[in-house]
Amino acid sequence: LIFLLSEAMASDVHKKIKAAFKAFDYEANNTVDVREIGTIVFSLGCFPSQADLHDFIAQVEEDHTGFIHLEKFLPVMTNVLLEKRFPPIPEDKLLQAFEVLDKEKKGYLEQEELTKYMMQEGEVFTQEEMDEMLTALTDQKDNVIYYKDVIDELIIDNDI
Amino acid sequence: MLHSEFSRIPDHSSDTVALVQSLLDQVQSRLPCGSQHTIKAAVLIQRWYRQYVARTEMRRRCTWHIFQSIEYSGEQAQIKLYNFLGYLMDNFTPSSNERKLISHIFRENDVCRDAEWERYFCYKNIEVPEIYSGPHLTFPLTVEQAMGLVEAFRNKKQLHSRYILQLLLETWKLLRKLPNINRISTCQSKEITICGDLHGQLEDLLLIFYKNGMPSLEKPYVFNGDFVDRGHDSIEILIILFAFLLLYPSNVYLNRGNHEDHIVNLRYGFTKEVLTKYKMHGKRILKLLQKIFSWLPLATVIDQRVLVIHGGISDSTDLGIIARVDRHKVSRTWSDEEWSNSKFLQRRASMTYPKPFGTRSNFQNRSLQDFSDRIREKVEDEVELCRRRTLHLEEQNQNDENEQCVSIQSVNSDNAKEEWKQILDLLWSDPMVQDGCIPNEVRGGGCYWGPDVTEYFLNRHNLQLLIRSHECKQEGYEFCHNRKVLTLFSASNYYDVGSNRGAYVKLGPDLVPYMVQYQATSMTRELTVRQRFRSALKVLREQLFAHKSDLLSTFRVYDTENTGLINLSDWAEAVESVMHLGLPWRMLRSQLVTCKSSEGMISYYEWFNELTIKKPQTDHIDEGLIETLYRHRSTIETIFRIVDTDNSGFITIEDFRQTWKLLSIYLKMEITDEAISDLAVTIDSNNDGCIDIDEFMEAFRLTDKKSRLERGRSMFMGTATDLTKLEGDPNI
């Protein structure tokens with residue numbers, strides 16, 4: 001694939017990637033722990049699947065040291081951003097998704113319902129992820145998940 | 001039935017996982033369509049949620065980064081101020097007004113006998129009224145009383161000033177007998193517990209005692225400095241620590257931290273806390289604490305193998321020197337005694353100095369760059385004057401006695417420099433990843449030291465581990481330098497709710513550190529990451545506003561055609577070059593710049609309008625001056641409080657003027673007499689010739705009273721929060 005880029009555009013993308021990378025570069029030596037890669041890729045506005053992430057990591061990893069170097073990360077991530085390889089999920093699609101799960105059309109989901117779907121279907125959650133999600137999304141009073149409200153409150157736009 | 005399906009498996013899937021996945025797909029496609037939708041829906045939600053979590057994590061990191069860099073730059077400002085004042089002391093002749101104004105802050109060793117001090121601190125005629133419901137103390141203290149104190153503070157009671165003074169006097173007596181370096185051993189079965197920074201967070205100390213038990217003969221403790229400042233209950237923490245120290249002097253050890261320093265306390269809230277909680281006797285309590293702090297030991301060694309110090313080391317740290325210094329005398333500049341001697345001897349016309357008023361080395365040189373040409377000129381004049389004067393004197397008198405004085409004085413002054421540096425390094429240094437040792441420019445004191453320095457130091461002193469504190473760590477602790485250095489931080493939720501855990505360390509005879517983490521959760525408001533992030537951003541916006549002029553001129557450099565627009569890249573570069581906070585500006589841009597920008601360009605004039613902090617009653621004051629006030633508000637308040645020698649909260653108009661003259665040099669700003677009058681008039685509304693410091697700060701929106709009370713911790717004023725609840729009690 002050939003891209004026609006102005007120099008400025010490429011440099012801009014590079015700077016954005018470096019900024020995100022550096023946020024996790026605790027020792028200031030241009031490396032991050034491989035376990036943070038998902039966070040970095042997501043925070044750059046991408047929505048990769050778990051398989052996508054695995055592939056990505058395989059491309060940038062350095063002999064199973066557990067660390068990723070900026071040198072390798074930068075070009076791969078640049079392409080990802082320029083190709084818009086992992087595009088975001090539009091808000092309305094998200095709402096539809098919740099409505100699909102809400103079979104009885106109640107307007108909310110029970111904790112057990114959501115748990116069942118998240119931990120048994122699709123790219124399943126770990127127990128930790130599930131606990132976290134329930135804590136974050138459950139309405140304190142009624143103990144259910146009002147998904148419409150949740151979407152409104154938790155949609156994060158722009159950089160971070 | 002599945003057999004026949006195998007032939008349909010795609011050829012290029014050699015990977016087992018892909019194979020299985022493909023199989024599953026085939027199976028699932030046999031199920032009713034609803035399930036496919038369900039799976040797709042689930043995937044969408046999972047992916048969206050994971051993205052949300054990642055972004056939250058990124059925000060959390062940025063919030064941390066913001067608070068930490070602002071904290072360190074505050075410390076840097078503190079040391080700069082300290083250096084500046086010291087520099088003035090060193091270089092102005094005795095006749096200068098400025099000297100008079102600041103000389104008393106360096107009165108570390110007042111020329112006073114102990115007996116006189118005992119009288120000044122006497123608590124005996126302080127009566128405890130019947131209505132007082134707090135704990136009563138009798139000496140010598142008993143275990144029950146110490147427990148009683150802990151319980152009382154847990155129930156938000158306050159200890160009466162009579163008992164505090166008594167307790168502090170006993171503590172002072174004890175500390176004077178202790179060596180600079182505590183030496184302890186684990187013996188057969190004893191485990192030693194070590195705690196890091198507490199910063200006035202009583203909840204954390206109570207949590208540690210709850211989890212680990214209180215100090216006792218079986219349970220020795222080391223507390224590694226920074227007991228005070230920032231949190232609400234610094235004085236309560238000190239009382240508890242001192243009480244246990246008195247009870248178990250062979251089982252409780254305290255190391256001095258960089259915040260056990262009365263000048264630092266002026267800026268970071270401890271002074272204010274004491275004066276607010278103890279309106280009548282606060283000044284005396286603070287004075288006594290000043291002495292106690294100077295008498296705190298500097299280090300603790302466990303089993304001759306593990307060194308515990310608050311900050312760290314440098315490539316010149318020498319435990320031999322540390323052990324020998326007169327720790328309560330080592331200070332930033334000469335004592336009053338030495339001052340009066342020098343003045344006296346000069347007048348006698350028989351004194352010579354190698355250098356007039358010996359300028360300090362090293363870290364002061366850096367601060368010299370900050371000063372205006374005006375002061376440099378003035379100083380050179382003064383120095384020249386002194387040089388001529390002393391040469392003249394030299395010619396006049398060649399006394400043996402004088403020569404002796406000279407050599408002692410010059411040796412003393414060199415020693416003093418060395419000792420000061422040794423202690424500064426011990427209390428202010430931070431470890432770094434790279435080898436070597438460089439000055440700690442971020443904090444403004446001590447060094448950054450590398451793994452090679454650790455290696456050398458440990459070998460030289462026959463040690464195996466260095467335990468230090470001083471830096472907040474997310475998990476409460478962190479190893480570095482091949483696990484030879486352990487950073488330990490015991491104030492959880494330090495930057496704000498949920499920011500970090502606290503930790504303490506247990507060390508048995510095997511000297512293998514065992515960490516225990518915790519997090520205090522009794523905060524009444526649970527802040528989400530988003531709220532914390534917003535709070536950090538607010539603080540950041542204020543900082544940006546405070547640097548408006550510099551930012552504007554920097555933007556104009558990039559905007560050569562004067563369009564009023566700047567692109568994102570340049571914006572980020574420009575902002576960092578002015579602010580020096582090392583923050584990810586590009587990532588924060590969308591949160592800091594909300595005005596619409598066309599095609600990636602930012603309209604910076606519009607942006608400044610956005611940032612402007614409204615100031616109703618100060619319209620007649622020059623905007624440039626307002627901006628300067630805002631930027632340096634912490635320093636300004638600190639200086640006011642220094643000038644307020646009797647700690648009354650008021651300073652006279654005359655002192656106010658003198659202070660501004662001083663500040664105009666420090667801030668490199670021409671502040672006319674007229675401008676100063678304008679400032680004074682705005683505040684001294686009742687015309688009684690006195691200015692209320694708090695009111696001044698608030699009038700110029702230099703503090704936002706509401707948010708100061710609301711927020712758990714003020715990054716700039718370093719004050720305790722809900723002071724209103726304490727205002728009322730007259731009995732204390």
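**Entry 1: the interface**

I began where the chains meet: about 4100 Å² is buried between chain B and chain A, and carbon and sulfur atoms give 65% of that area. Buried area here is the accessible area (1.4 Å probe) that two parts lose on being put together, summed over both. I noted that B:Trp48, B:Arg50 and B:Arg55 supply 20% of what chain B buries against chain A, more than any other three residues.

A word on ground rules before going on. I am reading a predicted model, in which local features need pLDDT of at least 70 and side-chain atom pairs count only at pLDDT 80 or more, while totals for chains, interfaces and linings use all residues. Residues are numbered from 1 along each chain as its sequence is written, chains are lettered from A and ligands numbered from 1 in the order in which they are written, and side-chain values use heavy atoms, with hydrogens and water left out.

How many residues does the contact take from chain B and from chain A? I found 34 residues from chain B and 45 residues from chain A, with contact meaning heavy atoms within 4.5 Å.

**Entry 2: what crosses over**

I looked up the polar contacts next and found twelve residue pairs across the interface of chain B and chain A, both residues at pLDDT 80 or more. A polar contact is a pair of N or O atoms within 3.5 Å; within protein, one must be able to donate a hydrogen and the other to accept it, and residues adjacent in sequence count only if both atoms are side-chain atoms.

Which elements give two or more residues to the side of chain B that touches chain A? They are α3 (33-91), α19 (529-546), α21 (568-579) and α22 (585-592) of chain B. Helices (H or I, at least four residues) and strands (E, at least two) are DSSP runs, numbered from the N terminus. The largest share, 23 residues, comes from α3(B). I sorted the residues on this side of chain B into 17 nonpolar, seven polar and ten charged. In this sorting Ala, Val, Leu, Ile, Met, Phe, Trp, Tyr, Cys and Pro are nonpolar, Asp, Glu, Lys and Arg are charged, and the others, Gly among them, are polar.

**Entry 3: salt bridges between the chains**

I counted three salt bridges between chain B and chain A, each being a side-chain nitrogen of Lys or Arg within 4 Å of a carboxyl oxygen of Asp or Glu. I took them one by one.

- B:Arg47 pairs with A:Glu123 at 3.4 Å, N to O.
- A:Glu129 pairs with B:Arg50 at 3.0 Å, N to O. This pair runs from helix α7 (residues 127-137) of chain A to helix α3 of chain B. A:Glu129 is partly exposed at 22% relative accessible area, whereas B:Arg50 is buried at 8%.
- A:Lys15 pairs with B:Glu573, the closest N and O atoms being 3.9 Å apart. A:Lys15 lies in helix α1 (residues 7-22) of chain A and B:Glu573 in helix α21 of chain B, so this pair joins two chains. A:Lys15 is partly exposed at 31%, and B:Glu573 is partly exposed at 41%.

For these labels, buried means under 20% relative accessible area, exposed over 50%, and partly exposed in between (1.4 Å probe, protein chains only).

**Entry 4: inside chain B**

I then stepped back to chain B, which has 30 helices and 18 strands. Buried residues make up 57% of its 732 residues.

Within helix α7 (residues 161-175) of chain B, I found a salt bridge between B:Lys173 and B:Glu170 (3.4 Å, N to O). Why are these two separated by about one helical turn? It is because B:Lys173 and B:Glu170 are three residues apart in that helix.

Is helix α11 (residues 270-277) of chain B mostly covered or mostly open? I found it mostly covered, with seven of its eight residues buried. Among them are B:Phe270, B:Glu273 and B:Lys277.

**Entry 5: one buried asparagine**

My last look was at B:Asn224, in the loop between β3 (221-223) and α9 (234-247) of chain B. B:Asn224 is buried, with 0% relative accessibility. Its side chain joins that of B:Asn255 in a polar contact of 3.1 Å. B:Asp197 is 27 residues apart from B:Asn224 along the chain, yet their C-alpha atoms are separated by 6.6 Å. Leaving aside neighbours within four places in sequence, B:Asn224 has contacts including B:Cys195, B:His310 and B:Arg468.
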